[in-house]
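Colleague: Please take me through one part of this model closely, the long helical stretch and what surrounds it. Then work outward to the charged pairs and the place where the chains touch.

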Amino acid sequence: MNRISEDIIKEEISGGSRRSFLNISILISSAVVLGGIIYPVLKFLFPTATTVGMGEIETFSMSINEIPVGSAKIVRYKNRPAIVIRLKEQEIYALSAICTHLGCIVKWQEDKKELFCPCHAGRFDLYGNVLGGPPPKPLSVYKAVVEEDRILIKEV
Amino acid sequence: MNELRLGPILIRNRLLIALYNFVESRLGIKEIFDLEIFYKLAPSHLGIFSCFGGITFFLFILQIITGTLLLVYYVPTTAHAYDSVVHITNNIPFGWLIRGFHHWGANLMIITVFIHMGKIYFHGIYKNPRELNWITGMVLLMTTLSFSFTGYLLPWTQLSYWATVVGTEIPSAVPVIGDYIKFLLRGGTDISQVTLTRFFAVHIMVLPAAIVIFIGMHILMIRRQGISGPL
Ligand code: FES
């Protein structure tokens, strides 16, 4: 075989691998470009503490005057609804307001001194215990203290 | 059959061919791909200035994507519009990037649209038989400018507020109906929540629908008539 035909054979062989090399390069670079587009978009859409609006605040505080004696108020504690009840002048209770059955928001019933869930008539007492209805677990209870004229709510 | 020719596209992938056959046997879509408009090749005399229509189209696609993403977080109320835009820019991961694309894409689109129009005008391409395409082009220009005008108000900054005050004041110079146009645009005597809401609605619903229809007509006419050379 002379040199020229040898070169041609080499050329053909390397030509084949050149094609697959180019194919792989195209594949990899398109994957990089596509990833560079998809990654920021997914990050953009995925909620984080800052995008939800607020980070976790450990202690929540509110003015005691916001709740008249005998009534209750739904507040936002750790990004979830909590119910704060002012039973007597200085006697405050705070519980998660999310019913343990299917997640409705419970209401305060002043006459019965009970928390009532309007969705399927679940009933709780002021310590979160289930008094009746479908809820399987007690409500989680928070610690509520009065300091001067402010109510502070903390994890127990 | 392990090769499939659809217009100018050659498909060798077995899976794609099977998928095509599945649809073809039910809907008979081959006729669509046989249409002449799929076979037009770009002539060799095209230069850089022939690309600006396509670049504008690319930017428009970018605007749709980034605009939809911004819509996820934007709040169209006078109380929260500015805060939500600041929130997108500062707090949302890559929010600055998405908003930056939307902002700069919009600015660039105005520039490319005018370069495109200049090319068509100075080369006399708008002449017979392409007058209809020139008209759809004019509609597209107006739509693009309306996009800019309505989009400008949405961040509810001082700049956008006063720009809209001035912009909606201009049509009131039209004799007789001028004040009615102003009243209609503002949805009242001055710029308020009503104005923001209607600008928002026009920006994200009315104009996109209009522009998609006219871009479709614009491109179909080009495909039908072929690309013109300089006269
Ligand atoms: S959700 Fe509360 S009782 Fe069913």
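Modeller: Start with a yardstick: the expected span of a helix is 1.5 Å times one less than its number of residues. Bear in mind that this is a predicted model.

Now apply the yardstick to helix 6 of chain B, residues 131-153. This helix has 23 residues. From its first C-alpha to its last, helix 6 of chain B reaches 34 Å, close to the 33 Å expected.

Next, its buried side. The buried residues of helix 6 of chain B are Asn133(B), Thr136(B), Gly137(B), Leu140(B), Leu141(B), Thr143(B), Thr144(B), Phe147(B), Thr150(B) and Leu153(B). To read that list, recall the helical repeat. An α-helix has 3.6 residues a turn, so residues three or four places apart point the same way. What covers the buried residues of helix 6? The cover includes helix 5, helix 7 (158-169) and helix 9 (193-225) of chain B.

Take helix 5 from that cover. Helix 5 of chain B runs over residues 95-122 and has 28 residues. Its reach from first C-alpha to last is 40 Å, close to the 40 Å expected at 1.5 Å a residue. Buried residues here are Gly95(B), Ile98(B), His102(B), Gly105(B), Met109(B), Thr112(B), Val113(B), Gly118(B), Lys119(B) and Ile120(B). After helix 5 of chain B comes Gly124(B). The phi of Gly124(B) is positive, near 65 degrees.

Pause on Ile98(B), which sits in helix 5 of chain B. Ile98(B) counts as buried because its relative accessible area is 4%, and buried means under 20%. Which residues does Ile98(B) contact, leaving aside its neighbours within four places in sequence? They are Phe44(A), Thr66(B), Leu69(B) and Leu70(B). For scale, compare Ile98(B) with Val139(B): they are 41 residues apart in sequence and 28 Å apart in space, C-alpha to C-alpha.

Phe44(A), one of the contacts of Ile98(B), belongs to the other chain. That leads to the interface. There, 10 residues of chain A are in contact with 13 residues of chain B. The area buried between chain A and chain B is about 960 Å². Carbon and sulfur atoms give 79% of that area. Zero salt bridges are found across the interface of chain A and chain B. Two residue pairs are in polar contact between the two chains, both at pLDDT 80 or more. On the chain A side that touches chain B, helix 1 (3-45) and helix 2 (49-52) of chain A are the elements that give two or more residues. Helix 1 of chain A gives the largest share, six residues. By class, this side of chain A has six nonpolar, three polar and one charged residues.

Now the charged pairs. Over all chains, the whole structure has nine salt bridges. In chain A, Glu66(A) forms one with Lys73(A), their closest N and O atoms being 2.7 Å apart. Glu66(A) is partly exposed, at 40% relative accessible area. Lys73(A) is partly exposed too, at 31%. Arg123(A) and Glu114(A) form another, at 2.9 Å from N to O. Is each partner buried or exposed? Arg123(A) counts as partly exposed, at 31% relative accessibility. Glu114(A) counts as buried, at 11%.

In chain B, the side chains of Lys30(B) and Asp34(B) meet in a salt bridge of 3.4 Å, N to O. Both lie in helix 2 (residues 30-34) of chain B, and because they are four residues apart, about one helical turn separates them. Lys30(B) is partly exposed, at 38% relative accessible area. Asp34(B) is partly exposed, at 43%. Elsewhere in chain B, salt bridges that share partners join Glu169(B), Lys182(B) and Arg186(B) into one network.

Finish with Lys182(B). It lies in helix 8 (residues 178-186) of chain B. Lys182(B) counts as buried because its relative accessibility is 17%, and the cut-off is under 20%. A polar contact of 3.1 Å joins the side chains of Lys182(B) and Glu169(B). Leaving aside its neighbours within four places in sequence, Lys182(B) is in contact with Thr168(B), Glu169(B) and Ser172(B).

Definitions and conventions: Residues numbered from 1 in each chain as written. Chains lettered and ligands numbered in written order. Predicted model: local features only at pLDDT ≥ 70, side-chain atom pairs only at ≥ 80, totals over all residues. Heavy atoms only, no water. Contact = heavy atoms within 4.5 Å. Buried area = accessible area lost by both parts, 1.4 Å probe. Salt bridge = Lys/Arg side-chain N within 4 Å of Asp/Glu carboxyl O. Polar contact = N/O pair within 3.5 Å; in protein donor to acceptor, adjacent residues only side chain to side chain. Nonpolar A, V, L, I, M, F, W, Y, C, P; charged D, E, K, R; others polar. Buried < 20%, exposed > 50% of the residue type's maximum accessible area, 1.4 Å probe, protein only.
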